[in-house]
Amino acid sequence: MVSRRRVLISGGASLVLLGGGFGAYVGTRSIAKAQEPWKQAAAGFGDPRLDALAYAILAPNPHNRQPWQVRLIGDDSFVVYCDLAKRLPHTDPPNRQITIGFGAFLELFRQAAAEKGYRADIAPFPEGEPQPVLDKRPIASVTMVKDPTIQSDPLFGSILNRRSTKEPYTQRSVKKDAFAALQAMAFVRRPIPGLSLALTSDADKVMKLRELSWEAWLVEYDTARTQKESVDLMRIGANEVNANPDGIDLSGPMMEALRLGGVISREQLGTKGTKAYETGIAMYQEMLRNTSSFGWLISADNSRKAQLQSGAAWVRINQAATALGLAMHPVSQILQEFPEMAALYDQYHDYVGVSAPARVQGFFRFGYAAVPEPSPRWPVESILVTA
């Protein structure tokens, strides 16, 4: 569950005072079915490809779209495609963020294969890099090779505990030694050429980055088509989440109460001036205000291959943060490439000192917070295609 479930808590406070029967009902609404893939990953499926894919599907990806499709070939290979219907044409017009998600997917697959003693030979974009948007051509072809020399990745053990923690953090900033350990865990064991991670807890820099992040979030939230893209993907309540375990999860007892009480709906969330709309603004502002550390992932260029590599680095950073007890949350609005964001996009890149052909591929909050529940996922069998 993500922090958006906290929307309208003040507006719905009176609902918790309703009768015990009502409270008992909302308390039984569970998304355990949608979270089951996090448990199934360790169970195994009898096919080493499916065993590793069960971990790959837990990768972070924009708006939790889970756009992966896999066609199995023979006994040891498969091809990965993008489900084109799951792209984000308004907030991610060039499909850069979607491609980064595939990079994370392939990295977790590689780690899970190694854990079983297999080398994953991954060929990115075997039919060429799709431009200017992703198309029907494959993202990657993959072959598993039994290899007695392969070593387990130290980050594998953090896959099932990895989260994007979309909550206000404590006032405790991340110290230099923790950031040094993060860098070492994410990159030293597996260097990824052309990528680097910058990190800061400097108060003045953090204040400026919070300001830029806030302005960018407001641009996305106040631009009708980009805001609608998010609202349309919200799953409100356990029934919707379990039926469609993707998109933006708005579940939990409070959200059930607000939904049943008529306080929250997609229409209200998408309409300026409503309690839902305005409280969403206050919630995100609180989250940014309670951030004392930031990091940003820089690539040497913006090719599709660099985007895949950025995804691999992204998830490794997230896993390393998890292992160190750090919370991490991507704040990607300022990196989005729709016209209304262009000025802030340029201002941000100027501020962090990154100029073309290099670019920032990921921008993250770091800090300390309670660990949230895992986000919903489609089961691994749902991604298999035959055509």
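**Helix α4, strand β2 and the core**

Modeller: Val-80 of β2 stands opposite Ala-140 in β4. This is a predicted model, in which local features need pLDDT of at least 70 and side-chain atom pairs count only at pLDDT 80 or more, while totals for chains, interfaces and linings use all residues. Residues are numbered from 1 along each chain as its sequence is written, and side-chain values use heavy atoms, with hydrogens and water left out.

Colleague: Why are β2 and β4 said to pair?

Modeller: Two strands pair if DSSP finds at least two bridges between them, strands being DSSP runs of E with at least two residues and helices runs of H or I with at least four, numbered from the N terminus; β2 and β4 have four bridges, in the antiparallel sense.

Colleague: What makes β2 largely enclosed?

Modeller: Buried means under 20% relative accessible area, exposed over 50% and partly exposed in between, with a 1.4 Å probe and protein chains only. Six of the six residues of β2 are buried, so the strand is largely enclosed by the rest of the structure. Ser-77, Val-79 and Tyr-81 point one way from β2, and Phe-78, Val-80 and Cys-82 the other way.

Colleague: How do you know that the span of α4 agrees with what is expected?

Modeller: The expected span of a helix is 1.5 Å times one less than its number of residues; the 20 residues of α4 should therefore span 28 Å, and its end C-alpha atoms are 29 Å apart, which agrees.

Colleague: Which residues is Phe-105 in contact with, leaving aside its neighbours within four places in sequence?

Modeller: Contact means heavy atoms within 4.5 Å, and among the residues in contact with Phe-105 are Leu-53, Trp-68, Val-80 and Ile-383.
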